[in-house]
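Welcome, and please load the model in your viewer. We will walk through it one selection at a time.

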Amino acid sequence: MAAASRWVSAAMTVIVLILCAFRATSAEPYRESEVRGVWLTTNGGLDWPKGVNDVEAQKKALTDMLDRLAKAHFNLVIFQVQANGDVLWHSRYQPAMKAVTGDGSADLRFDVCRFVIDECHKRMMECHAWIVPFRMGSVSHISGYKGNRVRHPGQARRKQCISYHGTLWLDPGVPANRKWLIDVYREFVREYEFDGISLDYTRYPGADFPDASSYKKYAPRRMPLADWRRANLNGFVSDFYDMVADERPEMMVGSAPIGTYKNVGRLRNSTAYGSFYQDPVQWISSGHHDFIAPQMYWDEKSGYSVNLATWADEVSDAVPVAAGLAAYKMMDAGWSDDVIVDQIVKARKAPGISGVVFFRAEHVIGSHPKAQRLYRRLCDDIFDVPVPLPWASEITGQTGS
């Protein structure tokens, strides 16, 4: 890093120490370092750019969002660069995201990734790239890219895809698909110095996914279907991590798995391990992960605290664990902002939990009255003092893990 970056890191550390010393007593437990993250969604333009097509207007909308996040002392933005076989970098493999270009046949009109990295860093926030490997989208979505110079993989690799409940999925059981995806991400990682990269939807979409043909062709003899599916994802994550380590060893690799690893006691949630064949505990224990943010989109009836403790017990000795919080349920499920605040408090109190990540940005910094109330509480009390991330980060001021 340049000398200027080191100076910023030192200054940030001094500021945090001063503010901690004079901070008024708060109702919330306080940590000197923690994850304060948000998923910023570009799929369908949900958080950004929301149908705005003018380049300067897109840039302003994005910097306005980052300003509001910085004001609330967030320190991590997980920015979606891939949604449904479409991306936000100039790729040889997948077309530019229509939600940003406004036209499925068009290329990007500015370097979105470079812009968001630089703007996050200016505001002392790390920026991690959010990717979605296997989901390709609906036939209607894919047809919107017919005129693009880069064929959508839902067309170019149609024979390697499987349709499931109206969405095409690149079959994880086909070894050539996993190898192809590593090539896609090698192109991306070589081009951009994101602070981290986060896997989403790295799972099978359901138990009845119709992959009998690839199972018959590629599974070792007598290997149960569930074990074979998990092995496919484990192999992909391992190869992905090794590729990133070779290309950019300083880049963190993380993921956002389903919030229940395995059910405990009387819980009957869908689980990462059993329902979707994700085994993040294996990814971590094998040394192929640096950070995890499980989607803890439950209230206490579905075992929020129990699941939090499970993740902490399973993996927190190896990597930082942040609770993914369902801020969207304030709007979609009638939750009050008190539910989210209570979950933040519980995450802070829980041994082995390193912070929180909100899904999604609009539900924290948007115009809905509940989002506005939550945002004020973050600014005025819960996140009222800036803190560094709990890992070595020159961006946020932490100098050691």
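## A tour by selection

Start by selecting I162, which stands opposite W169 in β6. Keep in mind as you look around that this is a predicted model.

Now widen the selection to both strands around that spot. Strand β5 covers residues 161–164 and strand β6 covers residues 167–170; the two pair in the antiparallel sense over four bridges. Pick C161 next, and you will find that its bridge partner in β6 is L170.

Follow the chain from one strand to the other. β5 and β6 form a hairpin with two residues between them. Click on H165 in the turn and check its backbone: phi is positive there, at about 50 degrees.

Which strands make up the open sheet, and in what order? Add β4 to your selection, and the three strands appear in the order β4-β6-β5, with antiparallel pairing. The edge strands are β4 and β5, each of which pairs on one side only. Neighbouring strands of this sheet are turned by 35 degrees against each other on average, with direction ignored.

Time to move on to the helices. Select α2 (residues 55–71) together with α4 (residues 112–122): these helices pack at an angle of about 30 degrees, and their axes are 10 Å apart. Because angles under 35 degrees count as roughly parallel, α2 is roughly parallel to α4. Rotate the view to see how α2 passes α4: the crossing is right-handed.

Show side chains where the two helices touch. From α2, bring up K59, L62, T63 and L66; from α4, bring up F115, V116, E119 and C120, which they meet. Colour this contact by class and you get five nonpolar residues, one polar residue and two charged residues.

The last stop is about rings. A pair of aromatic rings is described by the distance of the centres and the angle of the planes. The model has a count of 26 aromatic pairs, and one of them is F134 with F236, an edge-to-face pair at 5.2 Å centre to centre with 65 degrees between the planes. Where do the two rings come from? F134 lies in the loop between β3 (126–131) and β4 (135–137), while F236 lies in helix α9 (residues 225–247), so the pair ties together parts that are 102 residues apart in sequence.

Conventions. Residues are numbered from 1 along each chain as its sequence is written. This is a predicted model: local features need pLDDT of at least 70, side-chain atom pairs count only at pLDDT 80 or more; totals for chains, interfaces and linings use all residues. Side-chain values use heavy atoms; hydrogens and water are left out. Axes are lines fitted to C-alpha atoms, for helices over the stretch in contact, and angles run from 0 to 180 degrees between N-to-C directions. Angles under 35 degrees count as roughly parallel, over 145 as roughly antiparallel, 65 to 115 as roughly perpendicular and the rest as oblique. A crossing is left-handed if the near helix is turned anticlockwise from the far one by less than a right angle, and right-handed if clockwise. Contact means heavy atoms within 4.5 Å. Ala, Val, Leu, Ile, Met, Phe, Trp, Tyr, Cys and Pro count as nonpolar, Asp, Glu, Lys and Arg as charged, and the others, Gly among them, as polar. Two strands pair if DSSP finds at least two bridges between them. Rings of Phe, Tyr and Trp (its six-membered ring) pair if their centres lie within 6.5 Å; planes under 30 degrees apart count as stacked, over 60 as edge-to-face and the rest as tilted.
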